[in-house]
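Please open the structure in a viewer and keep the selection tool ready. The tour below proceeds stop by stop, stating what to select and what is found there.

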Amino acid sequence: MRRSMLGALVVTLLLALYVWQIAGRAVALIGTGAPVAIFIGVGVAVIPLVVIFLIGKEFHLAATVQRMADTLAAEGGLPVDDLPRSPGGRIDRAAADEAFVPYREAVEADPQDWGAWYRLAFAYDASGDRKRARSSLRTAASIFRSVHAGA
């Protein structure tokens, strides 16, 4: 098992204990029979459901990203991290911005190519735009799932 996956599982287990406690409090509040407590208990019960949904969504994305990486690695299409770095390890922003252009153009040329979106996500990440990187990765995962739905 990959070290990062083990860490994610440990954190998820700790979060599951927390959610279990919140769910217990919600049941206790609902069990009092007092209208205000019931209302608060129902509101508190929603929290574990939202947490479970979000965790499931993130694990699903992580599994898809790993499958995409494995597929690209087998094809020799993984992005190469060869950008210059500062002595502290930070990527040179100007170099990242310059290297970004071909990845953007590849997506513009074929918006249904999940591999192009995957590589664009890492170009965004190298440029420091985490929000767009995440969005591009979600787009890549969506396209990948639709292409590999029967597989």
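**Stop 1: The first helix**

Select Leu 6, Val 10, Leu 14 and Leu 17, which together make a nonpolar surface patch of about 390 Å². Please bear in mind throughout that this is a predicted model. Val 10, one of the patch residues, lies in helix 1, which covers residues 3-31. Its relative accessibility is 43%, so Val 10 counts as partly exposed; the class "exposed" begins over 50%, and "buried" lies under 20%.

Now extend the selection to the whole of helix 1. At 1.5 Å a residue, its 29 residues should span 42 Å, and the C-alpha atoms at its ends are indeed 42 Å apart, which agrees. Which residues of helix 1 are buried? They are Val 19, Ile 22 and Ala 26. An α-helix has 3.6 residues a turn, so residues three or four places apart point the same way. The buried residues of helix 1 pack against helix 2. Just after helix 1, select Gly 33, which takes a positive phi of about 85°.

**Stop 2: The second helix**

Helix 2 runs over residues 35-75. With 41 residues at 1.5 Å each, helix 2 should span 60 Å; its end C-alpha atoms are 61 Å apart, which agrees. Buried residues of helix 2 include Ala 37, Gly 41, Val 44, Pro 48 and Val 51, and further along Leu 61, Thr 64, Val 65, Met 68, Ala 69 and Leu 72. Against which helices do the buried residues of helix 2 pack? They pack against helix 1, helix 4 and helix 5. Just after helix 2, Gly 76 takes a positive phi of about 75°.

**Stop 3: The largest nonpolar core**

In soluble globular proteins, nonpolar side chains tend to be buried together. Here, the largest nonpolar core has 21 residues. Select Val 65, Met 68, Trp 114, Trp 117, Tyr 118, Leu 120 and Leu 137, the members that touch the most other members. At least two residues of this core come from each of helix 2, helix 3 (93-109), helix 4 (114-127) and helix 5. Which helix supplies the largest share of this core? The largest share, 8 residues, comes from helix 4.

Centre the view on Met 68, which is buried in helix 2. Leaving aside residues up to four places away in sequence, Met 68 touches Trp 114, Tyr 118, Leu 137, Ala 140, Ala 141 and Phe 144.

**Stop 4: A buried serine**

Move next to Ser 127, in helix 4. Is Ser 127 buried or exposed? Its relative accessible area is 8%, so Ser 127 is buried. Show its surroundings: beyond residues up to four places away in sequence, Ser 127 touches Arg 93, Ala 96, Asp 97 and Phe 100.

**Stop 5: Salt bridges**

Side chains of opposite charge can pair when their charged atoms come close. How many salt bridges does a search of the whole structure find? The search finds 6.

- Select Glu 108 and Arg 104, whose side chains meet in a salt bridge at 3.5 Å, N to O. These two residues are 4 residues apart in helix 3 and therefore separated by about one helical turn. Glu 108 is exposed, with a relative accessible area of 54%, whereas Arg 104, at 33%, is partly exposed.
- Select Arg 130 and Asp 125, which form a salt bridge with their closest N and O atoms 2.6 Å apart. Arg 130 counts as exposed at 53% relative accessibility, and Asp 125 counts as partly exposed at 32%.
- Select Asp 129 and Arg 132, which form a salt bridge whose closest N and O atoms are 3.1 Å apart. Asp 129 is partly exposed, with a relative accessible area of 23%, and Arg 132 also counts as partly exposed, at 49%.
- Select Glu 58, Arg 134 and Arg 138, which are joined into one network by salt bridges that share partners.

**Stop 6: The end of helix 5**

Finally, select Val 147 in helix 5, which covers residues 130-147. Val 147 has a relative accessible area of 52% and is therefore exposed. Add Gln 112 to the selection: Val 147 and Gln 112 are 35 residues apart in sequence, and their C-alpha atoms are 9.5 Å apart in space.

Terms used. Residues are numbered from 1 along each chain as its sequence is written. This is a predicted model: local features need pLDDT of at least 70, side-chain atom pairs count only at pLDDT 80 or more; totals for chains, interfaces and linings use all residues. Side-chain values use heavy atoms; hydrogens and water are left out. Patches are made of residues with over 30% relative accessible area and no salt bridge: like charges are joined within 9 Å, nonpolar side chains (Val, Leu, Ile, Met, Phe, Trp, Tyr) within 5 Å. Accessible areas come from the Shrake-Rupley method with a 1.4 Å probe; for residues, only the protein chains shown count as cover. A salt bridge is a side-chain nitrogen of Lys or Arg within 4 Å of a carboxyl oxygen of Asp or Glu. Buried means under 20% relative accessible area, exposed over 50%, partly exposed in between (1.4 Å probe, protein chains only). A nonpolar core is a set of buried Ala, Val, Leu, Ile, Met, Phe, Trp, Tyr and Cys residues joined through side-chain atoms within 4.5 Å. Contact means heavy atoms within 4.5 Å. The expected span of a helix is 1.5 Å times one less than its number of residues.
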